[in-house]
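Let's take a walk through this structure together, one piece at a time. Have the 3D view open as you read, and follow along from strand to strand.

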Amino acid sequence: MTIYIISFTDKGDLLNEKMCEILDVFDVRACFQKTRSESLVKWTEKAFSDGDAIIFISAVGIAVRAISGFIKNKETDPAVIVCDELGKYAVPILSGHVGGANALAEKICRYTKGIPIITTATDINGVWAVDCWAVKKSFKIRNICNVKHISSALLKGEKVGLVSDVIIDDELPYNILLGNSGTERGIVVSPYLRDVYKYNLNLIPKCMAIGVGGRKGTDENALIELFDEVFRENNIDRYSVYTMATIDLKKNEKAIIKLREYLGIELRYYSTKELNCISGEFSSSEFVKKVTGTDNVCERCAVLASGFGKLVIKKTVGDGVTLAVGFNDTVGGIKFLQ
């Protein structure tokens with residue numbers, strides 16, 4: 001987690017130094033009043049682009065004006081917290097739940113002996129927050145605009161449905177009903193695109209790994225087109241993909257690099273020896289074996305990248321490229337229903 005901190009007074013600088021000590025387990029990038037060389041606008045732009053959280057040791061007005069031109073949406077905005085120069089108060093003003101500003105403010109105040117000023121309705125009413133729960137479970141929120149429908153129902157004590165492909169062992173509120181309960185509002189936890197309720201909140205577990213291959217010099221958009229087609233036809237949510245892999249011989253192929261950028265995930269490389277060590281039934285190709293030393297690249301990569309998981313989509317061929325999908329049913333400590 002990368003945290004940017006900025007202060008504007010001598011006392012603020014002292015608290016800034018203390019913050020750096022408090023938060024030293026993170027990547028902290030402090031900007032002090034006595035050493036600042038760039039404009040506040042430039043600093044804030046960089047912090048919004050690179051940081052997971054921003055702490056202003058200042059008046060709230062300074063922070064609001066600084067961030068106003070960079071706010072985009074709940075999914076991507078960093079957590080923003082304002083602290084006074086004496087550390088008496090910590091006020092989350094942006095991304096309280098998904099970005100973690102509320103939790104970070106509480107952490108800061110445990111050390112400064114200050115008071116976190118939490119204003120989100122679910123928190124002040126002691127109501128379970130679905131977006132906080134999603135972040136804790138590492139679920140991706142696909143349609144974050146529907147969080148308000150779930151939170152509103154829970155605040156009113158109304159019933160909310162929950163359909164899940166994963167085992168839910170958390171203690172949930174009494175008015176969350178497991179299964180398709182006929183309620184208008186509900187939560188769906190699944191790597192697949194499923195619409196169950198009128199107001200449907202989709203939480204996507206990261207459980208899919210894709211393996212890719214292709215001819216040298218293939219069009220750079222070929223894999224993106226194949227990926228979109230395969231996931232659409234199989235009704236899989238793209239956010240369920242947590243990693244992709246290929247053979248090390250192909251690591252510089254533009255189509256593979258372009259797909260990694262498109263998905264915003266890590267790209268793993270495996271050697272021929274690593275791929276050949278995997279046992280199982282794969283779509284064998286003598287041509288591929290002659291070129292790479294292994295009979296199949298994409299399927300073997302998908303299985304290996306998914307932690308020797310199940311191959312849910314076998315080799316699929318596009319315009320000079322191939323793709324397969326592996327499923328990890330225990331990734332991140334989450335267990336799926338059989």
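A good place to start is a pair of residues in the middle of things: A209 has T243, in β13, as its bridge partner. Keep in mind as you look that this is a predicted model. Another pairing of this kind links G211 to A245, again in β13. Altogether, four bridges join β12 (208-214) to β13 (241-247), and the two strands run parallel. To get from β12 to β13, the chain passes through α8, and the resulting β-α-β crossover is right-handed.

Now turn to the strand β16, residues 321-327. β12 and β16 pair in the antiparallel sense, over seven bridges. If you would like a landmark for this pairing, find M208, whose bridge partner in β16 is F327. As for how covered β12 is, six of its seven residues are buried.

With these pairings in view, you can step back to the whole sheet. It is an open sheet of five strands with mixed pairing, and the order is β14-β13-β12-β16-β15. β14 and β15 (310-317) stand at the edges with a single partner strand each, so one side of each has no neighbour in the sheet. From one strand to the next, the twist averages 20 degrees.

Next, look at the helices that meet this sheet. α8 packs on the sheet and touches β12, β13, β15 and β16. The direction of α8 makes about 45 degrees with that of β16. The helix α9, in turn, lies across β12, β13 and β14. Compared with β13, α9 runs at about 170 degrees.

Let's stay with α9 for a moment. Which residues of this helix, spanning 254-263, are buried? They are A255, I256, L259 and L263. Looking down the axis of α9, you will find its buried residues within an arc of 100 degrees, so they line one face of the helix. And what covers these buried residues? The cover includes the strands β12, β13 and β14 (266-270), along with the helix α8 (222-233). So that you can see where α9 gives way, look at G264: just after the helix, this residue takes a positive phi of about 65 degrees.

Conventions: Residues are numbered from 1 along each chain as its sequence is written. This is a predicted model: local features need pLDDT of at least 70, side-chain atom pairs count only at pLDDT 80 or more; totals for chains, interfaces and linings use all residues. Side-chain values use heavy atoms; hydrogens and water are left out. Buried means under 20% relative accessible area, exposed over 50%, partly exposed in between (1.4 Å probe, protein chains only). The arc is that of the directions from the helix axis to the C-beta atoms. Contact means heavy atoms within 4.5 Å. Two strands pair if DSSP finds at least two bridges between them. A crossover is right-handed if, with the strands pointing away from the viewer, the path from the first strand over the helix to the second runs clockwise. Axes are lines fitted to C-alpha atoms, for helices over the stretch in contact, and angles run from 0 to 180 degrees between N-to-C directions.
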